[in-house]
Amino acid sequence: MAKTKLEYIWLDGYKPTQNMRSKTKVVNDFSGNLEDCPMWSFDGSSTKQATGDNSDCLLKPVAIYPDPERRDAFLVMTEVLNADGTPHVSNGRAGIDDDDNDFWFGFEQEYFIMDKETLLPLGFPIGGYPAPQGMYYCSVGGRNTHGRDLVEEHADLCIDAGLNFEGINQEVASGQWEYQLFAKGAKIAGDEIWISRYLLDRLTEKYGYYIEYHPKPLGDTDWNGSGMHANFSNTTLRTCGSKETYEKICEAFRPKVKEHIEIYGEFNDQRLTGKHETASINDFSFGVSDRGASIRIPIITVEQGWKGWLEDRRPASNADPYKVAGRIIETVKSAKIS
């Protein structure tokens with residue numbers, strides 16, 4: 001009788017930033033298929049998702065991936081349900097209005113690698129700062145590049161898990177990195193970001209590091225913060241060939257700034273200052289090839305005859321991709337396009 005380990009992963013009820021939780025279920029003669037992953041439960045009173053006198057919450061499997069680090073194992077992304085089977089209030093995935101997978105998302109996940117001993121980003125000396133920004137972005141060599149071993153191993157794990165992993169690069173600050181994931185379907189895109197974060201966080205356990213998703217971990221200094229830029233398209237954006245249509249979709253975001261910022265990540269006001277390649281949190285703007293705008297229209301989209309995608313640069317590195325995608329879809333669908 002073959003034994004298989006299923007790692008059930010879910011998001012807890014902490015506000016405003018949810019955390020990943022996971023536990024292992026060992027099953028017999030598992031097929032490897034999502035439909036054969038059983039429903040499971042957990043103690044919601046320990047994750048701010050239930051009270052002690054009515055503590056059971058359900059875990060509904062929604063995506064499955066091979067676990068590249070464990071023998072005979074799979075990673076199972078789940079949604080949290082109430083005991084009656086309805087979506088829990090913390091379940092952002094259940095509310096995404098994209099059942100036909102018409103919306104495609106490419107998320108750019110930035111983060112800092114932190115040393116557990118110094119509690120500082122890699123490359124930062126105790127009691128001071130490394131050389132200023134300038135030479136770290138896409139750098140090579142031990143003087144300016146820190147953490148490559150972990151980053152490369154994480155990339156391999158994501159690829160081996162079957163994620164649509166598209167690339168890595170060191171970012172502008174010392175110890176800051178980015179990876180990119182693309183998916184056709186908002187729910188799938190969210191699943192893959194969470195699984196990739198899970199693999200990254202678990203990997204740090206053997207390096208003596210931890211990952212900092214705070215969008216401005218170095219505070220009010222002349223160092224870049226971290227975002228999770230959301231590149232998105234639907235059939236209209238991919239095929240319209242119309243500058244006017246693109247502008248109408250961008251304008252649909254203008255009256256919805258508050259609704260977007262509310263779910264674009266905790267402490268994002270510290271990052272969206274109008275400096276360091278960001279627009280001010282108090283403004284809304286869009287422009288072609290403008291990395292200081294709220295929404296950037298990629299130059300490739302224009303060169304392809306206004307057929308392509310848009311990039312919302314406001315989501316923070318700690319944002320929930322389910323909520324980000326769901327909010328973007330709602331706003332795009334509200335655009336008045338003839």
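Which residues does E171 touch, not counting residues up to four places away in sequence? In this predicted model, the contacts of E171 are with E110, Y136, Y137, Q176, W177 and E178. The residue is placed in the loop between β7 (165-170) and β8 (176-184). With a relative accessibility of 8%, E171 counts as buried, because the cut-off for that class is under 20%. A polar contact of 3.3 Å also joins the side chain of E171 to that of N169. With respect to E212, which is 41 residues away along the chain, the C-alpha separation of E171 is 14 Å.

Two other loop residues were examined for their accessibility. S90 is located in the loop between β5 and β6 and is buried, its relative accessible area being 10%. When neighbours within four places in sequence are left aside, S90 is in contact with L11, D12, G13, Q18, Q49 and V80. P132, in contrast, belongs to the loop between β6 and α1 (148-160) and counts as exposed, at 63% relative accessibility. The C-alpha atoms of P132 and Y209 are 23 Å apart in space, and the two residues are 77 residues apart in sequence.

Helix α7 was considered in terms of its length, its burial and its N-terminal end. The helix comprises 14 residues (residues 321-334), which at 1.5 Å a residue should span 20 Å; the end C-alpha atoms are 20 Å apart, in agreement with that expectation. Of the 14 residues, 10 are buried, so α7 is largely enclosed by the rest of the structure. The buried residues are P321, Y322, V324, A325, G326, R327, I328, I329, T331 and V332. At the N-terminal end, D320 acts as a cap on α7, with a side-chain oxygen 2.9 Å from the backbone nitrogen of Y322.

T331 provides an example of a buried position within α7. This residue of helix α7 has a relative accessibility of 0% and therefore counts as buried. Beyond residues up to four places away in sequence, T331 touches A252, F253, K256 and H260. Of these contacts, A252 and F253 fall within the range given for helix α4 (residues 243-253).

K333, also in helix α7, is engaged in a salt bridge with D97, in which the closest N and O atoms are 3.1 Å apart. This pair links distant parts of the chain: D97 lies in the loop between β5 (73-81) and β6 (104-115), and the partners are 236 residues apart. K333 counts as partly exposed at 46% relative accessibility, and D97 is likewise partly exposed, with a relative accessible area of 47%. The loop that holds D97 is also the place of S90.

Salt bridges occur elsewhere in the model, and the count comes to 18. Side chains of opposite charge can pair when their charged atoms come close. Within helix α4 (residues 243-253), E244 and K248 are four residues apart, about one turn of the helix. An α-helix has 3.6 residues a turn, so residues three or four places apart point the same way. The side chains of E244 and K248 meet in a salt bridge with an N to O distance of 3.5 Å. K248 counts as partly exposed, at 32% relative accessibility.

A further salt bridge is formed by E311 and R313, with the closest N and O atoms 3.3 Å apart. Both of these residues are buried, whereas K333 and D97 in the pair described above are partly exposed. In addition, a network of salt bridges links D67, E69 and R202.

On the surface, V288, I299 and I300 make a nonpolar patch of about 220 Å². I300 is located in helix α6 (residues 299-303). With a relative accessible area of 41%, I300 is partly exposed, and this value satisfies the patch criterion because that criterion requires over 30% relative accessible area.

Methods. Residues are numbered from 1 along each chain as its sequence is written. This is a predicted model: local features need pLDDT of at least 70, side-chain atom pairs count only at pLDDT 80 or more; totals for chains, interfaces and linings use all residues. Side-chain values use heavy atoms; hydrogens and water are left out. Helices (H or I, at least four residues) and strands (E, at least two) are DSSP runs, numbered from the N terminus. The expected span of a helix is 1.5 Å times one less than its number of residues. Buried means under 20% relative accessible area, exposed over 50%, partly exposed in between (1.4 Å probe, protein chains only). A polar contact is a pair of N or O atoms within 3.5 Å; within protein, one must be able to donate a hydrogen and the other to accept it, and residues adjacent in sequence count only if both atoms are side-chain atoms. Patches are made of residues with over 30% relative accessible area and no salt bridge: like charges are joined within 9 Å, nonpolar side chains (Val, Leu, Ile, Met, Phe, Trp, Tyr) within 5 Å. Accessible areas come from the Shrake-Rupley method with a 1.4 Å probe; for residues, only the protein chains shown count as cover. A salt bridge is a side-chain nitrogen of Lys or Arg within 4 Å of a carboxyl oxygen of Asp or Glu. Contact means heavy atoms within 4.5 Å.
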